[in-house]
Structure formats: structure tokens, C-alpha cells
Amino acid sequence: MKKIFLLRRPFLLNGLFLAIALLLSLAIGAVVIPPAELLQALVGGTLPATSATIIYEVRLPHTLLVALTGAALAGSGAAYQGLFRNPLADPYLIGVASGAGLGAVLVMAQSWPSTALGFYAIPAAAFLGALLAVGVVLAIARVGKTIPVTTLLLAGVAVSSFATALSSFLMLYSENELRRALTWLLGGATLSGWQPVIAALPYVVIGLGVLLVSGHQLNVLQLGEEQAQQLGLPVERIKLGLIAAASLAAAAAVAFSGMIGFIGLIVPHALRLVWGGDYRRLLPLCVLGGATALLLADLLARSVFAPQVLPVGILTALAGVPFFLWLLRRAKAAWTW
Amino acid sequence: MKPRLFSILLFISVFLAACASPTAQPTLPAPAVSESQVTPTSTQPAPEFPLTITDGLQRTLTFEAPAQRIISLAPSNTEILFALGAGEQLVGRDVLSDFPPEAQGVADIGDTFIGLNTELIISLEPDLVLAAEITPVEQVAQLEQLGVNVFWLANPSDFEGLYANLAIVGQLTGRSTEAASLVAVLEERVAAVDNALLAKTNTPAVFYELDASEPAAPWTSGAGTFIDLLIARAGGRNAAEGIQGAFAQMSIEELLVQDPDVILLGDAAYGITVESVGQRAGWGDLAAVQSGSVYPFDDNLISRPGPRLVDALEELARLLHPDLFE
């Protein structure tokens with residue numbers, strides 16, 4: 001009975017999961033913080049200086065950055081899947097990841113023992129690279145006033161391949177930075193402190209905000225672009241707006257957390273399998289579920305080989321894919337899309 | 001409509017919660033400093049304190065007393081600290097710091113490349129984090145924001161640079177005397193090698209193999225690197241001196257043209273044996289392989305810019321000129 005009750009209230013259930021994941025992420029880490037101190041931290045009591053620094057300056061910002069990243073990736077993944085009516089679409093489809101990677105590697109390939117290279121150089125370059133790549137893809141794919149989906153996908157794949165090749169070349173010849181670049185590409189919110197959270201927040205909030213109010217338009221788009229046009233939907237404008245919003249959120253996520261795969265693919269599909277494909281419901285669920293999933297993956301990444309930290313992108317695939325396959329197998333009906 | 005509104009509210013509230021810890025941000029406690037004063041100091045504060053010193057990132061830092069709770073972020077730094085007798089002052093080290101063996105008993109704080117464990121670093125309450133050139137500047141900035149003293153030790157480019165680094169670490173740890181005597185010993189050992197090599201009659205060409213998982217195009221180290229410098233100082237000539245870069249690829253064709261007198265296997269630690277080299281396609285024709293002048297070499301001696309660079313020099317000189325070193 002209880003199970004059914006919760007299943008019929010997906011927002012309550014997913015909100016609950018997210019709350020638990022947030023708490024776990026705050027509570028568990030390489031350093032054991034006594035539960036009493038944690039409780040005090042939650043109600044705003046005073047703590048020993050070291051515990052306070054660890055909770056407020058290390059774990060809390062890290063937790064929030066991971067949650068933001070997960071939400072951005074799953075939200076934009078669902079939007080892209082709806083927009084392109086393609087189950088294989090993910091947040092990186094039209095150049096975000098490869099553009100960000102190229103930007104980051106370009107900065108890393110410089111000889112960086114210089115004071116000029118600040119805290120933000122890599123995330124800023126990645127963010128600009130991502131937006132630039134998407135911009136180039138859109139400019140190429142534009143035919144008159146429309147952006148045909150097929151052209152868009154092909155341009156996306158081509159630009160991505162080009163940027164990836166360039167990054168590989170740079171990585172191979174950047175010597176010492178090879179491992180660092182590789183680690184960045186595998187993903188993981190290694191930057192700590194409040195600055196990355198504050199820097200990523202506006203882009204993720206704006207991007208996801210636009211997506212969250214576009215559920216109805218995405219639903220109509222599922223009928224096909226011509227149908228949607230006939231129903232009076234300004235299809236091209238909506239497409240452009242959604243691409244911009246999803247890319248903005250994904251670019252901010254990639255810039256600060258590196259390339260984390262599968263969250264943008266698996267979370268929307270898993271939620272779709274359980275609660276159906278109504279985008280008015282699916283998009284907000286993806287925001288909650290994406291944050292939860294990445295928080296749990298990050299928790300595993302931090303604990304399995306503690307004190308070593310695994311790149312979380314490896315874990316999202318290793319842990320996420322079997323779970324998703326199990327879900328796929330369990331959904332006995334044929335895959336309806 | 002209702003679920004959408006609810007979700008947006010929930011979404012907003014999560015982010016409000018995120019922003020609603022304004023007390024957290026300005027609180028940048030420096031627990032490391034206050035705690036360290038409680039720790040009994042084993043060395044008397046030298047007259048040079050308070051010490052104002054500039055690190056490799058041109059940051060000017062001031063230390064009130066010799067560091068007593070040190071975290072090393074690189075194997076080279078760990079080796080320097082132990083060589084100066086400051087091993088007792090080490091409370092944390094990166095995962096790759098495996099020498100001397102005592103270092104492995106010190107708390108592991110993660111991998112520089114994959115990610116250092118920031119909360120472990122904070123919990124150890126260090127009064128000095130000794131970073132190296134492999135430490136990303138962002139990592140330095142983050143630790144600095146958390147109120148940790150970070151000193152970024154630049155890589156030396158010659159033995160003089162190594163001695164200067166030893167002196168710096170000596171100053172930071174209140175072990176300047178130990179640093180001075182260590183430098184004197186090292187200088188003597190280098191001079192001994194130089195002297196012995198005065199009698200050398202040949203300058204063998206050396207191929208230093210970093211990686212040959214692709215035998216047709218092995219990786220080596222080019223001109224201007226520490227490997228290049230050490231080979232020259234040990235009375236040899238780097239076969240890759242015409243190539244640039246610390247990781248440079250040389251084709252087997254070029255290698256056959258160069259036909260080095262000696263091949264050093266810097267990748268011996270990864271299971272590459274002298275026998276396996278002869279079995280690689282084309283390598284059997286090399287003079288070094290035919291004359292049996294292929295030797296395994298401990299790459300850690302050369303790749304870590306610490307006091308063991310002098311061990312590397314002695315070892316190299318012995319391999320290249322066995323007759324001069326009995």
C-alpha cells in the first residue's frame with residue numbers, strides 16, 4: 001500500500017530521495033564527523049573549527065555543486081531527447097562536451113606555472129568552448145529561418161569530432177598535462193569551495209528554469225514539428241530557446257565538473273519508464289532525480305577507494321548502466337517512446 | 001499545472017537553501033595556525049623567523065615559526081623532507097610518495113592528478129602544505145581560500161636549483177643547518193663523479209626509454225630536460241638530443257640511425273625486461289642490444305626532483321663508464 005502511495009506521488013518520492021542523498025553527501029566523507037556535530041551543523045550551532053571548515057567550506061559547497069550538475073545534466077538530457085525526438089540524445093549531443101573539452105585542454109596545454117592563470121581559467125574556457133561549439137553548430141545547421149533536426153544532428157556530430165580530434169592532438173603534445181586533462185575529461189567536481197557553486201548557479205537556474213516551463217511545448221512537439229506548427233506553436237523559436245537553455249545548463253555543469261556521462265541519458269529514461277513521458281512532469285522529476293543520482297554516484301566515488309577520489313564519470317557509467325539495464329528488463333512491455 | 005508549480009517551488013527552495021548559509025562563507029577560520037602553536041616545537045625557532053619568503057608562483061608568504069605539521073603533495077617533496085630529517089614533521093603525503101619506506105606510514109591524502117582529498121588535508125590541521133610543480137594552481141588557490149599555508153616549490157633545472165630548493169625547504173622547516181650539510185655532501189658526491197669522469201675516453205650515446213608499448217615509436221626525453229642534463233653530466237650523450245620535449249616520440253628508424261651505445265629502461269618498473277627488448281621487431285639490430293648494453297633504470301631517481309637525483313647521476317656514470325668506477 002505504502003509503495004503505491006509513494007509511486008503515485010513522484011514529486012514527494014523524488015524529493016525525499018534527494019533530501020536523503022543531500023544528507024548522506026554531507027554526512028559521509030574521508031573524515032569522520034560525529035553525528036552530534038553534524039546535527040549541530042544542520043541547526044546552525046557552533047562547531048569545532050576544523051569540523052566547521054570541513055562541513056561548511058568543503059562538503060556543503062561540493063554537495064551543492066554535484067547536485068546542480070546532476071540536475072543540469074538530467075534536465076537538459078530530457079529536453080534534448082524531447083526536442084530531437086531521439087532516445088539517444090544526451091546533453092552533449094550538439095557539441096557541449098567536445099567544445100568544453102577543447103576549451104579546457106587549450107588552457108591546460110599552456111605552461112601554467114604562472115600567476116596569470118587564475119582559479120577560473122579552466123572552467124571559463126570550458127564554458128566558452130561549449131557555448132562556442134553549440135553556436136557554430138546552430139549557425140551551420142541554419143537553413144533560412146529554420147533549423148532542420150537532421151542537419152543539426154549531423155553538424156553537431158561533425159563539429160564534435162573536429163573539436164575532439166583537436167583536443168586529442170593538444171593532449172598528446174601537452175606532455176605533463178596529459179593525465180590532468182584525462183582526469184578532467186573523465187569528470188568529477190574536483191573544484192571545492194563556494195566560488196564554483198556561485199559561478200555555476202545562475203546558468204543552471206536560468207537554463208533549467210526555461211526548460212521547466214516548457215513542458216507543454218515539448219509535449220506538443222512530440223506530435224511532430226509540422227503538427228505542432230499547425231497547432232499554432234512557434235516551433236523554430238521554441239527549438240532555439242530550448243537548445244539555448246539546455247546548452248547553457250549543460251555547459252555550466254561541464255565547465256565545473258568535467259564530462260560526466262550517462263546521467264543525462266539514464267536518468268530521464270529511468271524516470272520515463274516509471275512515470276511516463278509527459279514532459280510537464282518528466283522535466284522537474286529529472287531535475288530532482290539527476291541531482292540524486294549524481295550525489296549517490298559521487299558518494300561512491302569518494303568512498304570506494306578513500307582517500308583516493310575516483311573520477312565520478314567512471315562510476316556513473318559503472319553503476320548507472322547495470323541499474324538502467326535492470327529497469328529496462330523489468331519494464332516487460334515493449335519500449336514505447 | 002499543479003505538479004509543475006510544486007516542482008518549481010521545490011526547485012527554488014533547494015537553491016534558496018543553498019544560498020541561505022551566508023554565515024558559512026565569510027567564516028574562513030585558520031585552524032591550522034592556532035593549533036600548530038599548541039604543538040610542542042622540537043626545534044628552537046631560528047632567528048630567521050618570522051620568515052618572509054617567495055614561492056615558485058611568486059606568492060610572498062610569511063611564517064611565524066618552523067612548520068611542524070607538514071603535508072607533502074609530491075614524492076619529490078616527501079623525499080626532500082625525509083632527507084632533511086623533517087620526516088617527523090610530516091603529517092600527510094600524496095599517494096605516490098612511497099620513498100623512503102617510512103613515508104608510507106604517513107597519512108595518505110589522495111592523488112594530485114585525480115584529486116586531492118581536501119577534507120582530509122583540513123582535518124590534519126597542517127601549518128604548511130608543500131606543493132610542487134605537479135600541483136595544479138587551482139588546487140593551491142582552493143587550499144589558500146580554506147586558510148591553509150601553501151608553498152609551491154618549483155622544479156629545479158640543474159643541480160644548483162636542487163640545492164636552492166633544499167635550502168628553501170630547510171628554512172621552512174627550521175632545518176637550515178641540516179640542509180646546508182646535505183647540500184655539502186651532495187656537492188661532494190657530484191664533484192667526485194665529475195672528477196672520475198675527467199679520465200673518460202669516450203662519450204657513449206644513450207637512449208633513455210620512458211615507454212615503448214609501441215615498439216616502433218618509443219617515448220624518450222628530449223633536449224633540455226633533467227634526463228638529458230644527467231646523461232651529459234654522467235659522461236654520455238642523449239641520443240634524443242635533437243628532439244624537443246620531456247615526452248618525445250622517436251621512430252625505430254631514427255633509433256636505428258642513431259644506433260645508441262646504451263639503452264636505459266626507465267620503464268623497468270612496469271615489467272619491461274632486458275630480454276623483451278631484444279624480441280621487439282627491429283630492435284635486435286641495435287648495437288646496444290647486441291653488445292648487451294641494455295640496463296633497467298629506476299625512473300623514480302630521475303623523475304623526482306629531489307636529493308636522489310645525485311643517486312641517479314652516480315648510477316648513470318657507473319653504467320656508462322664502468323671502468324672509471326670500481
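So, the open sheet in chain B: five strands, in the order β5-β4-β3-β8-β9, with parallel pairing. Strands pair when DSSP finds at least two bridges between them, and helices (H or I, at least four residues) and strands (E, at least two) are DSSP runs numbered from the N terminus. This is a predicted model, where local features need pLDDT of at least 70 and side-chain atom pairs count only at pLDDT 80 or more, while totals for chains, interfaces and linings use all residues. Residues are numbered from 1 along each chain as its sequence is written, and chains are lettered from A and ligands numbered from 1 in the order in which they are written.

Where are the edges? They're β5 (107-108) and β9 (150-153) of chain B, each pairing on one side only. Two bridges join β5(B) to β4 (residues 90-93) of chain B, and B:Arg93 has B:Asp108 as its bridge partner.

Now the helices. Helix α3 (residues 75-83) of chain B packs on the sheet and touches β3 (70-72), β4, β8 (128-132) and β9 of chain B. Its direction makes about 135° with that of β3(B); the angles, from 0 to 180 degrees, are between N-to-C directions of lines fitted to C-alpha atoms, for helices over the stretch in contact. Helix α5 (residues 137-145) of chain B lies across β8 and β9 of chain B, at about 160° to β9(B).

Over in chain A, look at A:Ala252. Leaving aside neighbours within four places in sequence, A:Ala252 is in contact (C-beta atoms, placed from the backbone, within 7 Å) with A:Ala72, A:Phe127, A:Ala200, A:Tyr203 and A:Val204.

Methods. Two residues are in contact if their C-beta atoms, placed from the backbone, lie within 7 Å.
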